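Me: I have not looked at this structure before, and I would like to go through some of its parts step by step. Could you take my questions in turn and reason each one through?

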Amino acid sequence: MRCAVLDDYQGVALTSADWSRLDATVDVFADHIADESALVETLAGYEAVVLMRERTPFPRSVLEQLPDLRLLVTTGMRNASVDVAAATQRGIVVCGTGGLTTSTVELTWALITGLARSVVVENTGLRSNGRWQQTVGTDLAGATLGVLGLGRIGSLVAKVGLAFGMDVAAWSQNLTAGAAAAAGVRLAGSKAELVAAADFLTIHLVLSDRSRGLVGADDLAAMKPSAFLVNTSRAPIVDQDALVTALREERIAGAGLDVYDVEPLPADHPFRTLPTVLATPHLGYVTRGGYAIFWREVVEDIAAFMAGAPVRTIT
């Protein structure tokens, strides 16, 4: 079997698992291939393709141009950039892997604390021999943490907020008072109430038709001018143009971002230069522990498929 591994940015795919168990030729591509025609040309003849999360989309138009493709493996068990229905129609098996929840929780708090204490501004000033102490930090203790989405990740983020002594409130379309209480937080009466009360609004929802654009211009306008927005979930949950405008016009204090509409983020994108943005290049799942699970189970998926008994299939 010929297998292609895409978007191995850090060059660790082959050293993070034992690929020697496979009777396969494995080619690794570290550089992102954004152009669809170039992608199809690169993958011609490969029977298996491994995707690292949503770095490279696999819509129907790509799948239809890869007649040799029989197996598509994505890290994680959900990948919105893969047209699973189209793959199934073409007889392509789609498999996933497990992963870590805690890694995204940890990055969320790196962004929150970094924003609260202006870490980028102060570190830049120190390194450039600039002003000594330029900002006054925001206290977490006593501040309100608004958690939009109280699932596996959101509930752990909320738990950390409680440990910091924050007032933690949560809301989502299906969240009940009982579920909020079980997580030790209070249920906000509405999205509008959550947004208006939050000193830090952090997003932890699955991207769907219902959540796309859920945080819009009106919500950003309702936030406190001193409040921060943090998104380690999926960019389209927030109206990106409205967020850029709110930041440019200083309607909110800042944003911590790990996810974007287009990745890698274009060189001229405002998020690269807006002074109140603390941005990371989609690092939420990028840890040694998470990668160890991803790559080990990728190899297991390929081996199981070759043995005629696919595991962790996605339909």
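Reply: What follows is a set of questions and answers on a helix, two pockets and a few residues of this predicted model.

Me: What length does helix α6 reach from its first C-alpha to its last?

Reply: Helix α6 covers residues 152-163 and so has 12 residues. At 1.5 Å a residue the expected value is 16 Å, and the helix comes close to this. From its first C-alpha to its last, α6 reaches 17 Å.

Me: Do the buried residues of α6 line one face or lie scattered around the helix, and within what arc do they fall?

Reply: The buried residues in α6 are G154, V157, A158 and G161. Seen down the axis of α6, these buried residues line one face of the helix, because they fall within an arc of 100 degrees.

Me: Which residues of α6 are exposed on the other side, and which elements are included in what covers the buried ones?

Reply: On the side of α6 away from its buried residues, the exposed residues are R152, K159 and A163. The cover over the buried residues of α6 includes one helix and three strands, namely α4 (102-116), β6 (144-148), β7 (167-171) and β9 (200-203).

Me: Which element gives the most to the lining of the largest pocket?

Reply: About 850 Å³ of space lies in the largest pocket, and 29 residues line it, with R53, R78, R152, I153 and R234 lying nearest its centre. By class, this lining divides into 10 nonpolar, 13 polar and six charged residues. The element that gives the most to the lining, with three residues, is α6.

Me: How many residues of the lining of the second largest pocket are nonpolar?

Reply: The second largest pocket has a volume of about 520 Å³. Its lining is made up of 26 residues, and those nearest its centre are E54, P57, S81, D261 and E263. By class, four residues of this lining are polar and eight are charged, while the number of nonpolar ones is 14.

Me: Is R53 buried or exposed?

Reply: R53 is placed in the loop between β3 (48-51) and α2 (60-63), and its phi is near 50 degrees, a positive value in a residue other than glycine. Most residues other than glycine have a negative phi. The relative accessibility of R53 is 10%, and because buried means under 20%, R53 counts as buried.

Me: Which residue, other than glycine, has a positive phi in the loop between α4 and α5?

Reply: The loop in question lies between α4 and α5 (119-127). A phi near 50 degrees, positive although the residue is not glycine, is found there at S118.

Me: Which two residues does a cis peptide bond join?

Reply: Most peptide bonds are trans. In the loop between β11 (254-257) and β12 lies P264, and the peptide bond that leads to P264 has an omega of about -5 degrees. The cis bond therefore joins E263 and P264.

Me: Which residues does V286 touch, not counting those up to four places away in sequence?

Reply: V286 is found in the loop between β12 (277-279) and α11 (288-306), and at 22% relative accessibility it counts as partly exposed. Leaving aside residues up to four places away in sequence, V286 touches Q10, R55 and Y291.

How values were computed
Residues numbered from 1 in each chain as written. Predicted model: local features only at pLDDT ≥ 70, side-chain atom pairs only at ≥ 80, totals over all residues. Heavy atoms only, no water. Helix = DSSP H or I, 4+ residues; strand = E, 2+ residues; numbered from the N terminus. Buried < 20%, exposed > 50% of the residue type's maximum accessible area, 1.4 Å probe, protein only. Arc of directions from axis to C-beta. Contact = heavy atoms within 4.5 Å. 1 Å grid on protein atoms, 1.4 Å probe; cavity = no way out; pocket = protein on both sides within 12 Å on 5 of 7 lines; lining within 4 Å. Points joined across faces, edges and corners; volume = space filled by probe spheres on them. Nonpolar A, V, L, I, M, F, W, Y, C, P; charged D, E, K, R; others polar.
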